[in-house]
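Open the model in your viewer and keep the selection panel at hand. We will go from stop to stop, and at each one you will find something to select and a note on what is there.

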Amino acid sequence: MRKRTKNSRGLSKYVPSALLFLLFEAVAVTLWLTKGNLFYLLNFSYIGACLGLGTALFTAGKRYARHFVQLAVGSYMLLYLGVISQENMQIEGFWYYLFLGVFEAATIHYAVAKIFGPLLFGRGWCGYACWTAMVLDFLPYKQPQEPRKKRLGILRYVMFALSLALVSGLFLMKAAHLEEIMFWIFLAGNALYYIAGIALAFLFRDNRAFCKYLCPITVFLKPMSYFSLLRVHCDEEKCIHCGKCLRTCPMDVEVNRESRKRKNGTECILCYECTKACPTKALH
C-alpha cells in the first residue's frame with residue numbers, strides 16, 4: 001500500500017506536463033477540424049509533445065531539459081517553418097497575415113504563444129521555444145553581470161513600431177511579390193536579431209540583454225504575462241533574503257516577493273533557475 005501511495009505521489013508531479021501536452025493537443029485538434037488542414041494537427045501535437053516531455057524532464061531534475069525544448073521547438077520553427085516552408089514567423093509575418101485578413105501561420109502562432117497563451121503560461125515562449133534565445137542561452141553570461149539598464153527598454157517599442165511601419169509601407173506601396181519579400185525579411189530579420197543579441201550579450205555581459213531591451217515581441221507578451229496562471233511563487237515566511245535567487249535570475253525578476261507587482265514580474269521566462277538556487281525551498 002505504501003509503495004502504491006509513493007508511486008502515485010511520484011507520478012502526480014508530472015500532471016502539469018500532461019496537462020500542457022493536452023492543452024496543445026486540444027489546440028491541434030480544434031485547428032485541424034476548423035481549418036481542414038492536417039498540418040495544424042501535426043504542428044501543435046509536435047510542439048505540445050516537446051513541451052510536455054521537456055517539462056517532465058525538468059521535473060525529473062534533468063538540467064538539459066529546457067535546452068532540449070528550446071532546440072526541439074526553436075529549430076523546428078526556424079528551419080522547417082521559416083526556411084523550408086518559407087513562412088515568416090517573426091512579428092513582420094504577423095502583421096502581414098493580419099493585414100491580409102487571414103488567420104494562418106504567424107497569426108495563429110502569435111495568438112497561441114504570444115497573445116492569449118501567456119494568460120496561462122506567461123512568457124514560457126521566451127524560456128522554452130524562442131529560436132533567438134535558443135542560441136543566446138549558450139553564451140557565457142547566464143547570470144547578468146551588471147544592473148539592468150532601465151531606459152534602454154524603450155528600444156523594444158521602437159522595434160515594434162518599425163516592424164509595423166515596414167509591413168504597412170509595403171502594403172501601402174502595393175509592392176509586387178510581397179510573399180517573397182516577406183521571406184527575405186524573415187531571413188534578414190533573424191540575422192539581425194542574432195547579431196544584435198550576441199553583441200548585446202557581450203556588451204552588457206548578459207545573455208538575455210536582447211530580450212530585455214530590443215525584442216519587439218515582448219510588447220505582446222508583457223501585458224498578458226501579468227495575469228499568468230503559471231508563475232513562480234514565493235513563500236515569504238520561508239525566505240531568508242539571501243539574494244541567491246536575485247543573482248541567479250537571468251531576467252532580473254524580484255522573485256523573493258509573492259506579489260504580481262514584483263519588480264520586472266512580467267519578464268519572468270519560467271526557467272526556474274531561482275527555485276534551484278533557493279536554499280530554503282521558498283520558491284516553487
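Is Y80 buried or partly exposed? At 38% relative accessibility, Y80 counts as partly exposed. Keep in mind throughout that this is a predicted model.

**Stop 1: two tyrosines on one helix**

Stay with Y80 and add Y76 to the selection. Both residues belong to helix 4 (residues 65-84), where they sit four residues apart, about one turn of the helix. An α-helix has 3.6 residues a turn, so residues three or four places apart point the same way. Unlike its partly exposed partner Y80, Y76 is buried, because its relative accessible area of 15% falls under the 20% cut-off.

**Stop 2: an aromatic cluster**

Next, select F94 and F220. Their rings make an edge-to-face pair, 5.4 Å centre to centre with 80 degrees between the planes. This pair links distant parts of the chain, with F94 in helix 5 and F220 in helix 13, 126 residues apart. Both phenylalanines are buried. Now add W95, Y110 and F160: ring pairs join these three with F94 and F220 into a cluster. Across the structure there are 22 aromatic pairs.

**Stop 3: helix 13**

F220 leads us straight to its helix, so select residues 218-225. Helix 13 is mostly covered, with six of its eight residues buried. The buried ones are T218, V219, F220, L221, K222 and S225. Show the surroundings as well: these buried residues pack against several helices, among them helix 5 (91-100), helix 6 (105-115) and helix 10 (154-172).

**Stop 4: the nonpolar core**

Pick L221 from helix 13 and look for W125, which touches it. Leaving out residues up to four places away in sequence, W125 also touches M77, H109, A113, K114, C130 and W131. W125 and W131 are the residues with the most contacts inside the largest nonpolar core, which has 82 residues. Helix 11 (residues 178-204) gives the most to this core, with 10 residues. In soluble globular proteins, nonpolar side chains tend to be buried together.

**Stop 5: a chain of charges**

Side chains of opposite charge can pair when their charged atoms come close. Start with K222, back on helix 13. Its side chain meets that of E267 in a salt bridge (2.8 Å, N to O). The two are 45 residues apart, with E267 in the loop between helix 14 and helix 15, and both K222 and E267 are buried.

Then move to D252, whose side chain forms a salt bridge with K212 (2.7 Å, N to O). K212 lies in helix 12 and D252 in the loop between helix 14 and helix 15, so the pair ties together parts that are 40 residues apart in sequence. K212 counts as buried at 1% relative accessibility. D252 also meets R148 in a salt bridge (3.6 Å, N to O). To see the whole network of salt bridges, select R123, R148, R156, D206, K212, K222, D252 and E267.

**Stop 6: out to the surface**

Finally, switch on the surface and select L23, F116, L119, L120, F227 and L229. They make a nonpolar surface patch of about 590 Å². Zoom in on F116, in the loop between helix 6 and helix 7. F116 is exposed, with a relative accessible area of 53%.

Notes. Residues numbered from 1 in each chain as written. Predicted model: local features only at pLDDT ≥ 70, side-chain atom pairs only at ≥ 80, totals over all residues. Heavy atoms only, no water. Core = buried A, V, L, I, M, F, W, Y, C linked by side-chain atoms within 4.5 Å. Buried < 20%, exposed > 50% of the residue type's maximum accessible area, 1.4 Å probe, protein only. Contact = heavy atoms within 4.5 Å. Patch = residues over 30% accessible without salt bridge, like charges linked within 9 Å, V, L, I, M, F, W, Y side chains within 5 Å. Areas by Shrake-Rupley, 256 points an atom, 1.4 Å probe, with all protein chains shown as cover. Salt bridge = Lys/Arg side-chain N within 4 Å of Asp/Glu carboxyl O. Phe/Tyr/Trp six-rings, centres within 6.5 Å; stacked < 30°, edge-to-face > 60°.
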